[in-house]
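Me: Please take a close look at one part of this structure, the place where two helices cross. Then work outward from there.

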There are 2 protein chains.
Amino acid sequence: MSDAVSPLATPFPAMPPVTGAHIATVRAGYKAWERHDLTLALLDEGTAVAGVTTQSKCPSPEVEWCRAALPLGRARALVVNAGNSNAFTGNRGRAAVEAIAARVAAGIGCQPSDVFVASTGVIGVPLPIPTAEAGIDAALTAPQVGWEEVAAAISTTDTFPKGAMARAVIGDRTVNIVGVIKGSGMIAPDMATMLGFVFTDAAIDPLFLQQMLNAANGRSFSCITVDGDTSTSDTVLAFATATAGNAPLSSFDDAGADAFAAALNDVCLQLAHLVVKDGEGASKFIEVSVEGAESDRSAHRIAMSIANSPLVKTAIAGEDANWGRVVMAVGKAGEPAERDRLAIRFGDTQVASGGLAVEGYEEAPVAAHLKSQEVRIVVDIGLGEGRATVWTCDLTHGYISINADYRS
Amino acid sequence: MSDAVSPLATPFPAMPPVTGAHIATVRAGYKAWERHDLTLALLDEGTAVAGVTTQSKCPSPEVEWCRAALPLGRARALVVNAGNSNAFTGNRGRAAVEAIAARVAAGIGCQPSDVFVASTGVIGVPLPIPTAEAGIDAALTAPQVGWEEVAAAISTTDTFPKGAMARAVIGDRTVNIVGVIKGSGMIAPDMATMLGFVFTDAAIDPLFLQQMLNAANGRSFSCITVDGDTSTSDTVLAFATATAGNAPLSSFDDAGADAFAAALNDVCLQLAHLVVKDGEGASKFIEVSVEGAESDRSAHRIAMSIANSPLVKTAIAGEDANWGRVVMAVGKAGEPAERDRLAIRFGDTQVASGGLAVEGYEEAPVAAHLKSQEVRIVVDIGLGEGRATVWTCDLTHGYISINADYRS
């Protein structure tokens, strides 16, 4: 991880172990660094798994491997490599993933398809198989580590370790949901990658876990952006070890399912926000809400158009209430909008409505709001009931320094 | 215009007057600056006009005015205001445009719909009508100025005046096509606006002029991006004064039509490139070509995904041959692509093909190419015959300084 910690960093929360998940980290040595860079989670038999992966048309072989294994719904292990994404490496990349899965499967006696693999780091360099195998061998006998160590070991150029947890009551049992995530720090000009892993001791049918994860993803990871550049390797996996003794959840009709889904949403949203708070060069956390759009989908696209606009993001960095740039970003989104119905708030202050500036709006509260670390922009399109909220960070000199001033 | 001139600036070319177009500039005083900021072009009776305007859903009232007048196909005057875009100003903005057209129409004896209006500058502030009217009155009796003065008067935060010209032979006549353009400099955090004006002495049917302008626009202005942020006010208008004495052009069957269209394309492409070369903070001019896509449209979208990627643009700024970021941008474009058929060239050097790095490609010519001011990226998707080329600039600290460090 980097030396310069994001000003938006938050302390790592206290998170309990998840029974049924034994996690170790070791230094495989994917880069010339003195830190752990290989994480191995061993999972009890009966662990269910669900996952979401990048929409990229150029996915890493790890993403393809996970996609193929997910429909089986069960997992016995997870390997995370940091320092090399193994993406765009042709047959050699595929061979590396197969070798990793085979090594773990032989070590613990399971099917290779029970082993999930994720890698993050530089693109275009095949993952060295002997390095991975030696790391796995060491990790198979290494002691259990805490979640903060896991979050650190899966990081590349993140500036702080990121984790979140929540609890849910299912019948007479309280289950834990913990998650760790990496992403959005990119001090060396490597490919940004978001990897997130959620572990719970609850017993959950894998199809239902997938259903809940899809829903949580739609409101969390799919609603954040740092620079609009989608990675080749984004992966979020959820593992349910079924050690809590709850009556297994298989649909929303089951008691406790709603509570569990809410807690899963909570963890995913916390993790997603942490990625934004570690966004490259970020000095402000920005929430963009769009309401009154023709549909939720349309609202989401407009919100993303605002959140990805370099002009909006630099204005926020400059603490400048330049709402005209929000108008611009609504206009360019390509979604239904009518200029003369548009209304815009910064914080709690209405700055524009009915297609023009609010005459004599108070500038002091707007200026004060923009000086804070968390900025909120609300846009009412005035057409319908569609709404969406997304989160991003500002665009600063830090982003340029991280991505242009350093050479790969 | 700004004091710090873009390192990519080129000298203003020698451009002849266009007979039938009398152009004057005056200081209306839209901002507290000592420079001409209102341009008035008076056009001979019989002048044909064609135009293309922003796709924004929040267009300026000037854009709406031009759109309404364009189908009539004739023009007698053009007014360009610099320093205030008059966008997102409700009824007061519409009233300002109507007042401007009425003032000019009364002054020269024409219909208000013969008067075209364009404005550029800060958004959300209604254009002051008395200021505009006084400026028009002064301009109506002001002497003709040269094209460089026109290019300067329509500028806002551009760092150099931008013009281009070409000639075409139609039968026994040689006609001139000259154009001026502003855009992409934004030293104060105002809304970026691209305004371009092309004048020719050729006689051309307005519908045919529109057809040729649409085609030229598709290969020039629609193929450039600085930051992906579409303005509310983008407008390109072409005026044909019909003073050259050529047999009027009304279709591609007419002698000289192909030559004229080629010359018009040439002027539009030169102007579009000049805008990129004055892109905010630009230090390099980047050409992105995509071939082998499923269709030309698909190729264009992939090329724009690459050209708008902040990670690609910062890599070029850092003179870093980080082709993995090009893979990422292809992958996120949402267009048909197959990772294992992808090939990438930087300059003349193949760096990736068949879904992985070219083993042992020569790094020296790639490094040398990236050190030059003009960088060329070619991506072969390997699926079909679709191709497109777009142009952009790199993303540097200059962009952040221009848009975040200064307050509006």
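Reply: Start with the crossing itself. Helix α11(A) passes α8(B) in a right-handed crossing. The model is predicted.

The two helices belong to two chains. α11 spans residues 397-405 of chain A, and α8 spans residues 310-317 of chain B. Their axes come within 7 Å. The crossing angle is roughly 65°.

Now the residues in contact. α11(A) contributes Y399(A), I400(A), N403(A) and A404(A). From α8(B) come P310(B), L311(B), T314(B), A315(B) and A317(B). By class, seven residues of this contact are nonpolar and two are polar. None is charged.

Next along chain B comes another helix, α9(B), at residues 323-332. α9(B) is mostly covered, with nine of its 10 residues buried. The buried set is W323(B), G324(B), R325(B), V326(B), V327(B), M328(B), A329(B), V330(B) and G331(B). After α9(B) comes G334(B), which has a positive phi near 80°.

Chain A has a helix to set beside this. α1 of chain A covers residues 61-69. Its buried residues are P61(A), E62(A), V63(A), C66(A) and A69(A). Their cover includes the helix α2 (90-108) and the strands β3 (48-53), β5 (115-122) and β10 (235-240), each of chain A.

Back in chain B, take A118(B). A118(B) sits in strand β5, residues 115-122 of that chain. Its relative accessible area is 1%, under the 20% cut-off, so A118(B) counts as buried. Leaving out residues up to four places away in sequence, A118(B) touches E62(B), V79(B), V80(B), N81(B), L195(B) and F197(B). C66(B) is 52 residues from A118(B) in sequence, yet the C-alpha to C-alpha distance is 8.2 Å.

Two of those contacts, V80(B) and F197(B), also appear in a cavity lining. The structure holds seven cavities of 30 Å³ or more. The largest encloses about 40 Å³ of space. Its lining consists of I23(B), T39(B), A41(B), L78(B), V80(B), V150(B), I154(B), V180(B), F197(B) and F199(B). Three elements of chain B give two or more residues each: β2 (38-43), β4 (77-84) and β8 (195-200). Nine lining residues are nonpolar, one is polar and none is charged.

To return to the crossing: no charged residue takes part in the contact of α11(A) with α8(B). The lining of the largest cavity has no charged residue either.

Notes
Residues are numbered from 1 along each chain as its sequence is written. Chains are lettered from A and ligands numbered from 1 in the order in which they are written. This is a predicted model: local features need pLDDT of at least 70, side-chain atom pairs count only at pLDDT 80 or more; totals for chains, interfaces and linings use all residues. Side-chain values use heavy atoms; hydrogens and water are left out. On a 1 Å grid over the protein atoms alone, a cavity is a set of points where a 1.4 Å probe fits but cannot get out, and a pocket is an open set with protein on both sides within 12 Å along at least five of seven lines; lining residues have an atom within 4 Å of a point. Grid points are joined across faces, edges and corners, and a volume is the space filled by probe spheres set on the points. Helices (H or I, at least four residues) and strands (E, at least two) are DSSP runs, numbered from the N terminus. Ala, Val, Leu, Ile, Met, Phe, Trp, Tyr, Cys and Pro count as nonpolar, Asp, Glu, Lys and Arg as charged, and the others, Gly among them, as polar. Axes are lines fitted to C-alpha atoms, for helices over the stretch in contact, and angles run from 0 to 180 degrees between N-to-C directions. A crossing is left-handed if the near helix is turned anticlockwise from the far one by less than a right angle, and right-handed if clockwise. Contact means heavy atoms within 4.5 Å. Buried means under 20% relative accessible area, exposed over 50%, partly exposed in between (1.4 Å probe, protein chains only).
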